[in-house]
Amino acid sequence: MASDRVVRVYQEDWWPFQNLPAALRRFTERTGIATELSWDKVGVGSIETMFEHMTHSFTDDDPPFDLICTDEVMLRRFAREGRVLVLNELMARDGITLDDVTPATREAVTLDGQVIGLPCVNVCNLVLYRRDLLDRHGLPVPQSWAQLRDVAGRVQAAERTAGAQDFFGFATRGASGGGHAVWTVGSFLASHGGRWIQPDGTVTALTDAAQAALDCYLDLLRTTAPPDQPEISFVEMLRDYRRGRVAMIMDVGMEYAHLLRDDADLAARSGVALVPAGPAGRFANLYSPPWSIPARSKVKAEAWELAKFLTSTAQLTEDGVRSEAIETSHLSVLYSPAFDDHFRADLLAAVRATRAIAREERPWSTKGIEACVVVGDAVNAALRGELGLRPALERIQRGLEALG
């Protein structure tokens, strides 16, 4: 299917996607379809740039990009407005199914029975911990939020007694906006039995479950996290862990794969575990952005061919091995011999185990990324001490209801 028309591709410049340029070159060699890649670094202050590019790709009459690995919360709103190419007929024609992904992933890329993107990654929360420090002080790997607070406090106290004054037991995402504190607090919320928004659209921020979850999150960070926790995204969190400033962090397996590959000494002193359990069990928040095509793209047929290529079993396997993209969306790839041979056993086992406990718990609806900003900003304000627990939840309730 040769074409002289260019498929403009957008992706965040995150290291698990560093194999994308090679994949695009090979796609063009095989099909004759030209591509052009643009990407942005993501972190505090720059994730909004990524969201802006995604928004313009679906709302502009002449989209700047034709194939975007799109934040799925944003994508649902665009799809509700008819701005996303529905893929059902193309999938049926070409024999493409969603049989190789989890039910939660299928839900993430489907709206009212219409498939709005092809899955490529399933990113979930895991705990990375300093095994050597826990062993030194005779402490267990935390299995519950209460135990995490206890272990984090005890290792923090012990290391400070030993002379490390700028040392903290735990850190996670705490920054404002649509992709930081809102991401982490979702794992607390669901493990306490709560949701920000029910499947019927009812906003449920003012519940006992939400209050218990936010209280747990705030208490843990105020007692065991660095003072700059309200400014921390995954970038600063991994930086502090590498520097030996914190004993445990909670973020995603994609980041851990990179660290364990590139720092052999720290890797030998570290371990990976599932997120702690709450009263309602264990829950790992899910980020599952699919490759999606704006309805107004002028090269929809070519973009579809590229989406199929990038989400093929062979390509996702190669991405995993070459770019440490362990949190792939496809189960046959995650459980493949290639992954057995390449990834560290405890990391791989933890990622595989999250498949059973991972689902979306940023505010999951068709309200869009604005809903994530409402939650992220209120949680951040509470972490800073600018809002009390109940006022923060009231702000979330009012803010989500106002989005319609």
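Phe58 is buried in this predicted model, with a relative accessible area of just 1%. Phe78 is buried too, at 6%. These residues are partners: Phe58 and Phe78 make a stacked aromatic pair, with 5.1 Å from centre to centre and 15° between the planes. Planes under 30 degrees apart count as stacked, so an angle of 15° puts this pair in that group. If you trace the chain, you'll find Phe58 in helix H2 (residues 47-59) and Phe78 in helix H3 (residues 72-80), so the pair links distant parts of the chain, 20 residues apart.

Now have a look at another pair, Phe188 and Tyr217. How are these rings arranged, stacked or edge-to-face? Their centres lie 5.4 Å apart and their planes meet at 85°, so this pair is edge-to-face. Phe188 belongs to helix H8 (residues 181-191) and Tyr217 to helix H9 (residues 208-224), so here the pair ties together parts 29 residues apart in sequence. Both are hidden from the outside: Phe188 is buried with a relative accessible area of 0%, and Tyr217 counts as buried at 0% as well.

There's more to see among the rings. The count of aromatic pairs comes to 9, and one aromatic cluster is made up of Trp14, Phe17 and Phe234. A ring can also have a charge for company: over the ring of Phe168 sits the charged end of Arg160, 4.8 Å from the ring's centre.

Let's step back to the whole chain. Its secondary structure comes to 19 helices and 14 strands. The radius of gyration is 21 Å, close to the 22 Å that the globule rule gives for 404 residues, so the chain is as compact as a globular protein of that length. Along its principal axes, the C-alpha trace spans about 65 × 50 × 35 Å. Of the 404 residues in the chain, 60% are buried, and Phe58 is one of the buried residues.

Finally, there's some open space to explore. The second largest pocket holds about 230 Å³. Which residues are closest to its centre? They are Ile96, Thr97, Thr311, Ser312 and His330, out of 14 residues that line this pocket. The lining is a mix of 5 nonpolar, 6 polar and 3 charged residues.

Methods:
Residues numbered from 1 in each chain as written. Predicted model: local features only at pLDDT ≥ 70, side-chain atom pairs only at ≥ 80, totals over all residues. Heavy atoms only, no water. 1 Å grid on protein atoms, 1.4 Å probe; cavity = no way out; pocket = protein on both sides within 12 Å on 5 of 7 lines; lining within 4 Å. Points joined across faces, edges and corners; volume = space filled by probe spheres on them. Nonpolar A, V, L, I, M, F, W, Y, C, P; charged D, E, K, R; others polar. Phe/Tyr/Trp six-rings, centres within 6.5 Å; stacked < 30°, edge-to-face > 60°. Helix = DSSP H or I, 4+ residues; strand = E, 2+ residues; numbered from the N terminus. Buried < 20%, exposed > 50% of the residue type's maximum accessible area, 1.4 Å probe, protein only. Lys NZ or Arg CZ within 6 Å of the ring centre and 35° of its normal. Rg over C-alpha atoms; globule rule 2.2 N^0.38 Å.
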